[in-house]
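Work through the exercises below with the structure in view. Try each task before you read its solution.

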Amino acid sequence: MYKALENRYEQATIRHAGNSGLMLPAISLGLWRQYGSNAPLNDRREVILHAFDKGIFHFDVANNYGNDGSEFGSTENLFGQILSQELKAYRNELVISTKAGYEIHDGPYGIGTSRKSLFQGINDSLKRLQLDYVDIYYAHRFDAATPIEETVRALDDIVRQGKALYVGISNYETVQAKEAIQLFKDLGTPFVLDQMSMNMLNTQVDDSGLTELLQKNGAALIAYGPLAEGLLSNRYLEGIPDNFRIHHTNRELLADGEAALVVKLKALNELALERGQTLSQLALAWLLRDPVVASVIIGTTSIEHLDDNLKALEQLEFSDEEQIKITELLH
C-alpha cells in the first residue's frame, strides 16, 4: 500500500493563484500525452506517486486527454484509478483540474462550451476521475458558437452545485478573457486561472497584454508547454529534425528556419550553464520569475526528467545582467 513521504513538502515551492486562497506548487504535472488507455498503468502510477512525494500536489487533465492513440477520456480513467486507490487518503491535499471544450464525442454537444456541453463534461469527468468534485474546472477553449455569457454562467453554476471549487479559462485571446473576467466578477464566480501556452521563446502572452490584465484583476497565469515540446532542453542543440511536432501555438518559433532557432537555443544553453542550470531548468525558472505565473505544467513520463525539472526551483532569481542578456536573445 502506498504511503506518501512525510517530508514531501519540505522543499516544495508554493504560490498563490493571484489574490485567491488557491495555492499551487510552482511546478505541476500535466497528463496530456501518453497517459491514456494505451499507456502502462504501473509505470504512470510510479511517476504520479513520485511527483506527489516530491511536493507536486497539482495534477492537470482534460476530458479529451487520451486521444493520442488511445480514446477520449481515457487519461481521466487512468488517473481516476490512481486517485481512488493510492491517493484516496490524500484527497484533501490534492488540487485536481480538468477541462471541457474540445471534441469528446460525436454530435454537436461533443465539442464546445455550451451549458449542456460543460455540464455533461463535468459530470462525465467526475465519474471517470472517481471524484465528488474537482478543484479547478476550465473552459478549455473559446467557443465562438456559444455566447460567452452562457459559458460563464454555466461555470458559475457548476461551482454553486459543488462540482468544482474554482474555475478558469484556457486558450482565450486577451479581448475574450477581458470580457469573461468582467462577467465572472459580476456573478461573484471564483475565477482564478488562465491556462495558456507559454514558454520563454514565445512571448505572445506578455505581448498581448494578458499578463497585465490578469494582474489587474487578481488572477493568475498557469503555463502549459513551458519547454515548447522539448525544444527548451538539451535534446535539439545539434539540430531539429524535419519530423519535429511543434504545437500550433509555437509555430512562429520556426519562422526564421530551424537553424536560426538552434543558434538561439545554444546561446540560451550557454547562459544556463553559467548559472549552473540545464536549459530546461533555465526555461522554467524564467517563467516563474513573474509572480503572475502561479505554476508551470510539465508533461513527462520519466522520473529522471521530473526530478531534473524540479531542480529549477533551486535557483529562481535572475540578476539584472542575466535578464538583459536573455531579453536581448529572445527578441
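**Exercise 1. Find the residue that follows helix 8, and give the sign of its phi.**

Solution. Helix 8 is followed by Gly276. The phi of Gly276 is positive, near 75 degrees. Helices here are DSSP runs of H or I with at least four residues, strands are runs of E with at least two, and both are numbered from the N terminus. The model is predicted: local features need pLDDT of at least 70, side-chain atom pairs count only at pLDDT 80 or more, and totals for chains, interfaces and linings use all residues. Residues are numbered from 1 along each chain as its sequence is written, and side-chain values use heavy atoms, with hydrogens and water left out.

**Exercise 2. Check the span of helix 8 against 1.5 Å a residue.**

Solution. Step one: helix 8 covers residues 258-274, which is 17 residues. Step two: the expected span is 1.5 Å times one less than the number of residues. For helix 8 that gives 24 Å. Step three: the end C-alpha atoms are 25 Å apart, so the two values agree.

**Exercise 3. Which residues of helix 8 are buried, and what do they pack against?**

Solution. First, the term: buried means under 20% relative accessible area, exposed over 50%, and partly exposed in between (1.4 Å probe, protein chains only). Next, the list: Leu261, Val262, Leu265, Leu268, Asn269, Leu271 and Ala272 are buried. Last, the partners: these buried residues pack against helix 9 (279-288) and helix 11 (320-330). Contact means heavy atoms within 4.5 Å.

**Exercise 4. Describe helix 3 in the same steps.**

Solution. Length: helix 3 (residues 115-129) has 15 residues. Span: from first C-alpha to last, helix 3 reaches 21 Å, close to the expected 21 Å. Burial: the buried residues include Leu118, Phe119, Ile122 and Leu126, and also Arg128. Packing: the buried residues of helix 3 pack against helix 2 (74-84), strand 5 (95-100), strand 6 (134-139) and helix 4 (148-160). What follows: Gln130 comes after helix 3, and its phi is positive, near 60 degrees.

**Exercise 5. Is Asn64 buried or exposed?**

Solution. Place it: Asn64 lies in the loop between strand 4 (58-60) and helix 2. Apply the cut-off: Asn64 has 9% relative accessibility, so it counts as buried. List the contacts: leaving aside neighbours within four places in sequence, Asn64 touches Phe72, Gly73, Tyr102, Glu103, Ile104 and His140.

**Exercise 6. How many helices and strands does the protein have?**

Solution. The count is eleven helices and ten strands. Of the 331 residues, 56% count as buried.
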